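Please open the structure in your viewer and keep a selection tool at hand, since the tour below moves from one selection to the next.

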Amino acid sequence: MPATGDGRAPGAADLPGAHDGAPVGHARTRPAATGPATAAPPIPHPRSQPVRTAHGTRRPAHLTEVGNAPAAGDGPLDGTASPLRLLVIEDDASDAQLIKAAVADSGTSIEIHWARGLEQATQLLAQSSPAGRRGRSRGGEFGCVLLDLASPADLPHPSDASDGLEGLHELLRRAPHIPVVVLTDAAGAELGAAAVAAGAQDFLLKHETDGPLLARALRYAVERKRADESQRRLVEAELRGQENARLQRHLLPTPLLDGAGLSFTRRYRPGRRRALLGGDFYDAVRTDDGTVHVVIGDVCGHGPDEAALGVALRIAWRTLVFAGLTGETLLTTLQHVLEHERRSDEIFATLCMLVIEPGAAATGLDSLGTGERARLYLAGHPAPLLLSRDHAPATLPSDFAGPALGLLPCHDGAAAWPAHEVELQPGWRLLLYTDGLIEGRVGAGSRRLGQDGLADLIADHQSAGLTRGRLVDSAIAEVEELNGGALTDDVAVLLLERNPVQLILG
């Protein structure tokens, strides 16, 4: 029973009208010379009349198409509207003729192109491009290569250590994305198995191969190569995803608030799918003098460039804080960083910064509930909400807000960010957020939630007894519900609360 290299036997039901056909070839010894007695008939071009050559001469050593034109009603191998384009690398014209006959006998639409060696095959592979001829499968590219291992390797610099697979190795190097089926004689069955191990999709024994088996092997090779490529791309995508996740996870900040006596809850949701970072950024640090510095910002846009710029601004902000800068001096320097790092002059970033000074009489954790003062700096950013157990949430004043970073030159007097002094009573809580939280829609119309809507929503959840992480999570969930689905913009939310116990991160 005929068999392919992987031990599969052909079935008559695999291809419509399949029946026993002529074998592709047989074990042979190549003739030393050609003459009238051994001359092979010329292989006709599929779209022209057969071209007769002089009696006793071989075909010229240039690339020639040798297949029949697709018959009407024939189904292509890969299920597309075009025949499979098969490149046969075979230096013997008689075997090429037998391959042509086997293809015709298979009842399958296959368009054959013939090359005597790798150099000629490489030329045709190079000419095959997505902008190739109309009506060809895969936009003009070859669907499969049939390589006779007995053909000379035709290499400019052959390897000294010959394993019989030099031609296959070179073909896979030059055309790594095309499926390959190899032909070998009965004595080379082990070589065929080695070819599959080296990267070929299948191998065939010449004296056991007929038309239906050849068509089946080609179809198997195409599908196996397609599955291998899909698996390779999937593995590469998974590895890239894991690397990106690790990178982005390390780029998310760890607040440095030891000894601050604060409860710090943060939530971060990038608008991009399958991403951990967006253009929003936040950070919080405590300096040696007990001052707490908090920042939240938003780079315009949602792509990876904006995410990278947000990370750069956050790291620069932390560095400047520890260097002793604050207020307008810090923001001016941060704008210089933005101007040098952004990819376009149209990129800008909004920012909210809080500088919270400890109470004057504070000497330990027991006195952290005393009154405190904070300086609020706004650069085109929504003002925070001041939460209280006794009063409804109130939006802090934004009368002193300055322009977003990057909109105006730093030497322009309008690019100033004056501080707004805020009195923080014992037990204070501040909710900082980016505009992605308040720009969600309310219902099917064009109405947006806005700052007032967010304040009412937070008040409802507070009255239900929700605090810290539960308060933030429930608020985000309701905003998404009002929006009719997930928010498309990046969202960052910080809930900072004076807490007379050790730091709590949520």
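In which sense do strand β11 and β14 pair, and over how many bridges? Select residues 372–379, which make up strand β11, together with β14, and in this predicted model you will find the two strands paired in the antiparallel sense over five bridges. Within β14, pick out E423, and opposite E423 stands R373.

Now widen the selection to the whole sheet, which is open and consists of five strands in the order β8-β9-β10-β11-β14, with antiparallel pairing. At its edges lie β8, residues 280–286, and β14, residues 420–424, each of which pairs on one side only. If you look along the strands, neighbouring ones are turned against each other by 15° on average, with direction ignored.

Next, add the helices that lie on this sheet. Helix α6 lies across β8, β9 (292–299) and β10 (349–357), and runs at about 15° to β8. Helix α7 also packs on the sheet, where it touches β10 and β11, and its direction makes about 150° with that of β10.

Hide the strands for a moment and keep the two helices, selecting residues 304–322 for α6 and residues 327–341 for α7. Their axes are 10 Å apart and the helices pack at an angle of about 150°, with α6 passing α7 in a right-handed crossing. To see the contact itself, show the side chains of L309, L313, A316, W317, L320 and V321 in α6, which meet L330, T333, L334, V337, L338 and E341 in α7. Coloured by character, the residues of this contact divide into ten nonpolar, one polar and one charged.

Before reading further detail, colour the model by pLDDT, for which the protein has a mean of 78, with 74% of its residues at 70 or more. Two stretches deserve a separate selection. Over residues 131–139 pLDDT stays under 50, although the model has 25 contacts there beyond four places in sequence; over residues 360–369 pLDDT likewise stays under 50, and the model has seven such contacts. Where pLDDT is low, the predicted coordinates should not be read in detail.

Finally, zoom out to the complete protein, which has nine helices and 17 strands. Of its 506 residues, 47% count as buried, and among the contacts with a separation of 6 or more, 71% are between residues 24 or more positions apart.

Technical notes: Residues are numbered from 1 along each chain as its sequence is written. This is a predicted model: local features need pLDDT of at least 70, side-chain atom pairs count only at pLDDT 80 or more; totals for chains, interfaces and linings use all residues. Side-chain values use heavy atoms; hydrogens and water are left out. pLDDT is the predictor's confidence in each residue, from 0 to 100. Contact means heavy atoms within 4.5 Å. Axes are lines fitted to C-alpha atoms, for helices over the stretch in contact, and angles run from 0 to 180 degrees between N-to-C directions. Helices (H or I, at least four residues) and strands (E, at least two) are DSSP runs, numbered from the N terminus. A crossing is left-handed if the near helix is turned anticlockwise from the far one by less than a right angle, and right-handed if clockwise. Ala, Val, Leu, Ile, Met, Phe, Trp, Tyr, Cys and Pro count as nonpolar, Asp, Glu, Lys and Arg as charged, and the others, Gly among them, as polar. Two strands pair if DSSP finds at least two bridges between them. Buried means under 20% relative accessible area, exposed over 50%, partly exposed in between (1.4 Å probe, protein chains only).
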